[in-house]
Amino acid sequence: MKKFFCNCTAIIFFENNQCVSCGSELGWCPACKTMRTVISDNNGNYHCSEQSCGAALTKCYNHAVENVCNRFLLTESVTGAAEAFCDYCRFNETIPDLSVDGNREKWHRIEIAKRRLLYTLDMLNVPYGNSQDGFNTPLSFDFKGDTEKKRLLWLNMGKHEQVFTGHADGKVTINIREADDVEREKARVSFGEAHRTVIGHFRHEMGHYFWDVLIKEKQEEEFITIFGDHNNPDYGTALELYYENGAVPGWQQNFISAYATMHPWEDFAESFAAYLDMVSVVDIAFHTIPVNPIDPLSAGFKEIADQYTQLGLLLNEMNRAVGLIDPVPEVYTPAILHKIEFVHDLLRNTA
Ligand SMILES: [Zn+2]
Ligand SMILES: [Zn+2]
Ligand SMILES: [Zn+2]
Ligand SMILES: [Zn+2]
């Protein structure tokens with residue numbers, strides 16, 4: 001990620017909507033495609049403070065009203081009285097029930113992860129779109145929590161819905177419980193996972209999305225040579241087998257995670273997520289660390305993987321120094337890198 005600066009020269013983070021140094025309002029300018037200091041006319045109208053831009057800007061509805069976004073739209077693109085959503089919020093189809101205590105905070109954390117996810121996809125210039133764009137596999141997001149049975153003493157009714165984080169036909173569903181640190185950590189320990197994060201969920205589910213967009217009926221044969229046959233056994237059978245028997249011993253040689261052993265689709269989604277981890281970390285290094293940086297947009301896969309491994313060691317050490325878990329706990333064997341290289345080629349050739 002690039003470094004962003006306020007007009008006062010203070011550094012701006014991608015998540016901010018106000019400068020911590022001078023208090024100026026900040027946000028994403030879609031014309032500059034960068035975080036900028038914005039100037040308000042006190043009537044709800046804004047413009048970009050960058051002299052060479054100066055675009056007239058309108059706050060995304062989720063920024064102005066819900067306070068979970070920090071992006072702007074070009075005012076000229078805002079039509080009518082409808083709630084105007086930014087380029088990233090327009091993919092939201094379901095948002096959490098905001099009458100439930102704590103849901104707004106969870107939603108905010110989910111939006112922060114979603115913005116980073118989409119930033120990386122835009123950086124890699126891979127195709128996605130929604131139904132308004134007429135995109136073939138329209139992407140949409142559902143963010144919702146499990147609903148409890150209503151405690152009606154005189155009637156045992158009310159709907160109980162358990163929400164599963166997953167992907168189906170372009171719709172990515174995230175159970176907002178994943179944005180609760182305590183709940184997520186409990187799940188991580190009980191599933192024996194090395195790490196579990198909101199952005200990790202997004203990156204994994206987008207792997208399923210891009211399998212549909214880029215591989216289905218296009219590169220299935222090539223896919224099978226690397227990941228195995230996704231039709232045999234079918235997904236349902238593979239799922240049952242996995243929950244019955246667990247991962248095969250020694251899986252670490254060929255799979256990035258135990259879950260990846262379940263079915264070729266999960267292996268691909270896990271490899272896809274690992275690739276987004278790689279390019280995000282290497283990209284941050286490219287823009288911040290002045291030591292032999294490489295640009296993940298032009299570097300070869302081997303260079304990216306080598307640098308990621310080196311930075312991974314550094315990141316782990318830095319996190320251990322302050323008592324946090326390893327951000328890069330995986331071991332990247334040649335077999336695993338071969339799969340991630342497939343993702344690299346797939347996205348490079350599509351961009
Ligand atoms: Zn400032
Ligand atoms: Zn601008
Ligand atoms: Zn927005
Ligand atoms: Zn999956």
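**Exercise 1. Find the domains of this predicted model and describe how domain 1 meets domain 2.**

*Solution.* Start with the bounds: the assignment places domain 1 at 1–87, domain 2 at 89–200 and domain 3 at 219–351. Next, take the C-alpha centres of domain 1 and domain 2, which lie 25 Å apart. The contact between these two involves 17 residues of domain 1 and 13 residues of domain 2. Together they bury about 1,400 Å², with 59% of that area on carbon and sulfur atoms. On the domain 1 side, Glu15, Glu66 and Val68 provide 38% of the area buried against domain 2, more than any other three residues.

**Exercise 2. Look for salt bridges across the interface of domain 1 and domain 2, and find the partner of arginine 116.**

*Solution.* Two salt bridges turn up across this interface. Now turn to arginine 116: its partner is glutamate 15, and their closest N and O atoms are 3.0 Å apart. That fits the 4 Å cut-off for a salt bridge. Glu15 has already appeared among the three residues that supply 38% of domain 1's buried area.

**Exercise 3. Work out the geometry of the site of the zinc ion (ligand 2) and place its donors in the chain.**

*Solution.* First list the donors: the SG atoms of Cys29, Cys32, Cys48 and Cys53 coordinate the zinc ion at 2.1 to 2.3 Å. Then check the angles among the four donor atoms, which run from 101 to 115°, giving a tetrahedral site. Along the sequence, the spacing reads C-x2-C-x15-C-x4-C. Cysteine 29 in strand β3 (residues 26–29) and cysteine 48 in strand β5 (residues 46–48) are 19 residues apart, so this pair links distant parts of the chain. Finally, check burial: cysteine 29 has a relative accessible area of 0% and is buried, and cysteine 48, at 1%, counts as buried too.

Notes:
Residues numbered from 1 in each chain as written. Chains lettered and ligands numbered in written order. Predicted model: local features only at pLDDT ≥ 70, side-chain atom pairs only at ≥ 80, totals over all residues. Heavy atoms only, no water. Donors = N, O, S within 2.8 Å, 3.2 Å for Na, K, Ca; no water. Tetrahedral: all angles 85-135°; square planar, octahedral: opposite > 155°, others 65-115°. Helix = DSSP H or I, 4+ residues; strand = E, 2+ residues; numbered from the N terminus. Buried < 20%, exposed > 50% of the residue type's maximum accessible area, 1.4 Å probe, protein only. Domains from an automatic or database assignment. Contact = heavy atoms within 4.5 Å. Buried area = accessible area lost by both parts, 1.4 Å probe. Salt bridge = Lys/Arg side-chain N within 4 Å of Asp/Glu carboxyl O.
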